[in-house]
Every structure is written in C-alpha cells, then in structure tokens.
Amino acid sequence: MADVGLQTSVSLEQVQPAGSTSIGVEEQDEAAPPAMGQSAPAGPQSPHLRARSHRRTHSDQPWTMFPFSTPEGFVAVNKPPSWAENEIEALKIANNYRFGFKKWKSHVTARPMEVRSDVVKELYSEPRTVKLIKGSTISLGNILYSVLFGWWIAAFYFLVAGIMMLTYIGRIYASHCFQLAKYFFWPFGKFVQKDREGDSGEEQSLHNGSLHNSYESFGSSESTPLVSSTRSRNGRKGCCGTSTEYWHKPETYIWLLLGAPLLFVIHALVYFVCWILVVFIPVAKVNGHAIKMLLMPPGSIRIESDSMSAAQQPSEVIVCTYQAVNVYYYKYTVDGMNIVLVNLLLFVVLALILGYGDKGNHFTSPTAKFVLSLLAIIPLAYYIGLAIASIAAQSNFAVGAVLNATFGSVVELTLYITALVKGAEHVNNCYSELVKSALTGTLLATMLFIPGLCMIIGGLKHHEQYFNLRSAGVSSTLLFVSVAGAFAPTIFSKFYGSIVCSSCNNVTSWSNINDSQLTVTGPSGSFMCSDCHQEVFDQEGTLFNEHIKPLIYTCAVLLPLAYISGLLFTLKTHSHIYDVEKTEDNNTAPNQDHNNSHSTIAHWSRLKGVTILLVGTVLMSLCADLVTENMQPILTGSGVSQYFIGVTLLALVPDAPEIVNGIQFALQNNLSLSIEVGSSIAVQVCLLQMPILVLVNAIHDIGFQLLFIDLHLWSVLFSVLVMNYIFMDGKCDYFQGSAMCIVYLIIVAMYFFAPNPEGC
C-alpha cells in the first residue's frame, strides 16, 4: 500500500544511487519512463530533489514525491503519469499504487509494432523474408529440428509419393511430394515460391530493378524481402493450369482423397507440438503455411535456395525460414496474453474432459485429475487477473474498486468454498483444516516468500534496491491490524480453552512418570495423563456458543470495515495522493516522440473483459470442484502431512500471477510494488477472504470457524515480525531476500513433518 501521509520531499541520493540500473533484452522492449536524474518539473522549488524538514500542503506544492523508486528515478503524485503510452496504461499504472487494486505488470493495450524492438518484431513476422546467406545454416537448433521432426515428415512425404505413383493419374503429385520431402527435412535457407499470372513485363522489370539493391545478410536486425508477389517465371502458367482448371482435373481429387489428408494431419501435429514447445514456433509457422500449400496446384510451387536467383525470378514467397529455434518466443503474446499461459489452457481442456467425462477413472487416475485441475487454475488465474486489470483501467475508480473487491479473490474463494462444501457433504473435518492451512500458507508466502524471492532476483540484477520506508511501514501496520483481527478469536480461545488428554490414571506415587505424561491433582487425588493437547474450542459447549462464536462474528464485521475505510481514503477523500506523475525533463525523455502516436486500443474491451471474467470464473469453479473431488487420494495416500499440502500447493498455485508480477517489478527495480504485491494479498486474505468464509458458514454450515491451531498462529505472528524487521531500513539486497526465503522454508519444513489433523 502506498504511503498515504507522505508529503515531505527527500534526497534523491538517499533512495536510489545513480547508475544502478541495467536493462536487459526483455526490458528494452518496454516503454521506458524518463531516465533517472532528470530535472523535476518547474515550480517554486529547486528543480532537483532535496531533503526538506518542513511539510507542504497539497495546494502550494506543484508536485509531491511518490513513495517508490524506479530504475529511472522517482514518481511524483497528482495526476496519471504523462510518460505512460496512453490513458489506459496511465490509469493501470496509477491503479497499481491504490489500496485494494491488483498489481499488474503486463500491458493491457496493444502496442504499435513500429515502437517495438527488432527482436520482438522478428517474433511477429511471417516466415516469408528471403535473405542473402553469408555462412552456413547449420546450427544446434536446426539439427535438433531434423532429428525431432524433419526426418519423419520427409518419410511421410515419400510414403504419399509412393501412393500417388501407384494411382498413375496422380503421378504429378509424386514428383511434388519428392520435392517437398527434401525441403521439410532441411528447410533452412530455402524458400517456396508460388507463380502468379497476369503481371505485365513492365511490372516485372521495375520489380527486378528494385530487388538487386534490397537483399540483406543473414542475421541482420532488419528484414527486407528479396522476392514479392508479381508474376510467374517467364510468364508461363503452371503445369496444372489456372486455379479454375486445377479443380476440374481428376488427379486433384485423387490427391485430396489419398494424399492431402494424411499430410494435413502430420503438419497439424507438428504445428501443435512446436507451438506447445514455444521456442519451436518458427517451425510451427512453417507447418501452418505447409497446410495451405496442400491445396495449391503442384506446378505452381517452386523451391529455391539461391537468393540472387530469387531476385531474377519474382514470385510470391509462401514460406522461408532460416532457424528452427528462437529462445525469445517466451515474450510472444496472443491477444495480450503470454504464449506460455495460452498453452497452459490445454490443462483446462484436459482437466474438464477427463474430470467430467471419466467419472469411473477408466482412462486416468484421481491423482492425475488432481494434478491437471490444479495446473488448470494457473492460466485461469492469469486470465481473471488480466480481465480485472483491463476493466479497471478502462473504468472509473469506483468500478475498479468494486471489481477488485468482488473478483480479486474469486480464485482462492472458489477453491476454498468448494473444498469446505465437499467436506461438509462427507462430514469430514479434514477439508476445513486444509482450507485453514491454505489461508495460512498464503499469508506466509506473501509475507516471506514473495518479497524474499523478489529481493533475491532484483538484488542479483541491481545489487542493492531501495523502497520507501514510510510506505512499507504503513503496509506493515495495516497487516498487523489484519492479522490481529483475524487471529483474535484463536488467541481468545487459548485463554479460556481446556486441556484434553487421551487417558488419565489415578496414581498414588510420583515415581516413574514419563516426560510425555502430565500429572493433574483433583478432588479425588493425583492423575497421570498421556497424549494431552489444548482443545481450541468445543462447538457444543457454552464457551464457544456464548463467547467465542460472537467474537468471531464481531471480527468478521470489523475486518471488512477496515477494507472499506481504506477504499474511501484512497478513492474519495485523498485520491490526489495516489495520482502518479513522473519527474521528467520533456527534452530528454526517451520515446517522447512515440507516446502521442500510440493508439489507445485495449487488448480486451470492457465487454470482452467482462465475458472473459465470467467465463474464467465458471471454469475456475469447475476446476476447483475437480481439485476437491480428487483430493482425497492425495491426502491419504501421499504420505505427506495434509498441513504441508495446504500450506504449499493450495496456497501457492492460485497466487502464481502475483508471484510473476512481483518478480517483473523487481527486475525493473521497482521493489516497492514487489513488496506491495505480497502485502496487498495478505491484507485481502485477512480483511475479505476470511470474513467471507465466516459469512458463508453462517448462511450454510460448511464447517469453517475462524479458529486456528497453534502452529498456524505462531507461524503467522513470527512471519509478521520477520517482515517488519527486514523492512526497517528502506533498502534491501539478495542477502536479506535469501534470509526471508530460508525462514519461509524452515516454517514449511515444520508443516512437512507435522502430523495430520486428528481423524485425517
């Protein structure tokens, strides 16, 4: 949460040393804000940031220090950032610093291709550019293609060629298949051309004259085509005639019946596998064009390997490729969503088909269904998160706040409520303990693991990172209040609970008493008891019904009030504090010329965003139902503590988008947002998720009470103390991050060796 009370300027050197930022390939593609150290906007104060001992009011202050550092400098407040690419991105950036809003790193609007880096432009280009090769096309990736795909694609083409030879009528396609077999075994440096008709000789001459000066060297950063669409070689028609004649020949239908279907399946399979592997997407594109080639007249297609010959024979290039592997395809997006997450949607399809189509477990086991359903939650969580961020960036603050409050925790709540309902149906208290473990695991991960991991990754790149101490203090204080309210009923029950033992025997002497046994003196003498533990509550007793239960409802009402108070403060009474403005010099701001030309086109419109949000929520509920339905074999047969499963798997998987966003912010030296990612989730767990679960239980008994075991209580309290200690000085490095992660792993190890809940 951003610092709502900071109105004092501080020294620039106190928070961010100059020259501490290095931007890698991935960050170069982002629209970078102005460089650090540039002068601030003109005003009554000095153009440089200096320490001030007095406070200034909003009315006499032209700009105010915004409480976080970026790789390029500081952000001031009062209005959305002018260095953002468009208004929607500006509002998304502003929302990242508002209480109750999801912190989202990726773009929600389409970026013009002309302002992207050459590396990214290459990813989105079609494989049709002919280049002059200065060197060999032999590389490890290309050899890997031939080993994995090329040889058996060629084998199938030889097989189809033999079939077409046997038909005699389709013998022309046999020669065609022999050619393509050699091409697909090693397509690198070769290109497939399609002859065209109807171009005049004058057009051909003009084209040839321009092509001699347009070829490029292989490996250059820009792509200039050697061949474009004009006419066929020497103006002749293909051997199969025009396209109209092609569809009137009998051999065409022999080919479409006996040859093309098999090759279509082969290319579609290779396309799918290469698309899933991501780095082989160049091969996927080639096979996508190959499917179109199956419907073209064989005589109109030529395969060339001489670039200069291509300049002399202008035709339409269908496909041309020089490399099978491109590692930068991890940056590729489809409709605004990263390619890896798009591919993970396959788990959603598999989980739903196998989960609901194979109820009897004839084709797969419950364990496999559990794993598939759990993996399906990851892409659905991303789609729901992007939908929320996109809609909020295109709406006013009130709509964004309501949307984040209602759907911000929909992934976790759907999973938890589904598990609790399943436990209530089977009268199994183990599901309730599992949900409490997941809630605790989320708090532990957001207070220790996420900020610690971000500090390690960001610290390795930027050596030392800084964040606003006051802002972190406000977040930590709010987190203290949240944790205190959420665990108050548990602490209260500890004071008034009772000791429960499995067996007690009346003893006459004090000898031979084991350390694990407890002696109790009662009216009838002394008793020796074994296997004793403190009973948290007894739902049938007077203590619970008249004292603990009313306290639970009281806390469940007060906690959301704190959330509403934060929303009113940030969105109504003090909204100006959270407006973001970059301290910049307009004369030196990078990409200044492009900002005004960027189109404000969101990847997802509000209607599309709402549709994806609703569909994602429905799919999420279906996958959550499959997780809980197939969870029991994991709980009973894995040999791992159920507490450990809840603290790790059920807690971390729904938070995968936040972990990735936090790491991306840390890589850009914006550690304040990385910390806020974790803090905001922890606050939302205590202020919204827990009260909602209490409300649902009050409406329909699902076996959930806001009471936790001792291990949950002390783990969370200790984590809050560790987090506040680390955040004391306003700076961090990878060593402090590693300390937080080690503490997290130690606590998780305790859960790993903890015994299962009683009766589970």
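**A sheet and two cores in a predicted model**

User: In this predicted model, over how many bridges do strand E3 and E5 pair?

Analyst: Happy to help! Strand E3 covers residues 191-194. Its pairing with E5 runs in the antiparallel sense, and Gln 193 stands opposite Val 317 in E5. The number of bridges between E3 and E5 is four.

User: Which are the edge strands of the open sheet of three strands?

Analyst: Let's follow the order, which is E4-E3-E5 with antiparallel pairing. Neighbouring strands here are turned by 30° against each other on average, direction ignored. An edge strand pairs on one side only, and that applies to strand E4 (301-304) and strand E5 (316-320).

User: Nice. At about what angle does helix H10 run to E5?

Analyst: Two helices are worth a look here. Helix H6 (residues 171-185) lies across E3, E4 and E5, at about 35° to E4. Helix H10 (residues 281-293) also lies across E3, E4 and E5, and its angle to E5 is about 135°.

User: Which helix gives the largest share of the largest nonpolar core?

Analyst: That core has 121 residues, and Leu 443 and Phe 704 touch the most other members. A share of 18 residues is the largest, and these come from residues 366-393, helix H13.

User: And how many residues are in the other core, apart from that one?

Analyst: Its members include Ala 161, Phe 184, Val 192 and Ala 260. This second core lies apart from the largest one and has 38 residues.

User: Leaving aside neighbours within four places in sequence, which Met is in contact with Phe 704?

Analyst: The contacts of Phe 704 include Leu 420, Val 435 and Leu 439, as well as Ser 432 and Lys 436. Also on that list are Leu 693, Val 694, Asn 697 and the residue you asked for, Met 690.

Methods. Residues are numbered from 1 along each chain as its sequence is written. This is a predicted model: local features need pLDDT of at least 70, side-chain atom pairs count only at pLDDT 80 or more; totals for chains, interfaces and linings use all residues. Side-chain values use heavy atoms; hydrogens and water are left out. A nonpolar core is a set of buried Ala, Val, Leu, Ile, Met, Phe, Trp, Tyr and Cys residues joined through side-chain atoms within 4.5 Å. Buried means under 20% relative accessible area, exposed over 50%, partly exposed in between (1.4 Å probe, protein chains only). Contact means heavy atoms within 4.5 Å. Two strands pair if DSSP finds at least two bridges between them. Axes are lines fitted to C-alpha atoms, for helices over the stretch in contact, and angles run from 0 to 180 degrees between N-to-C directions.
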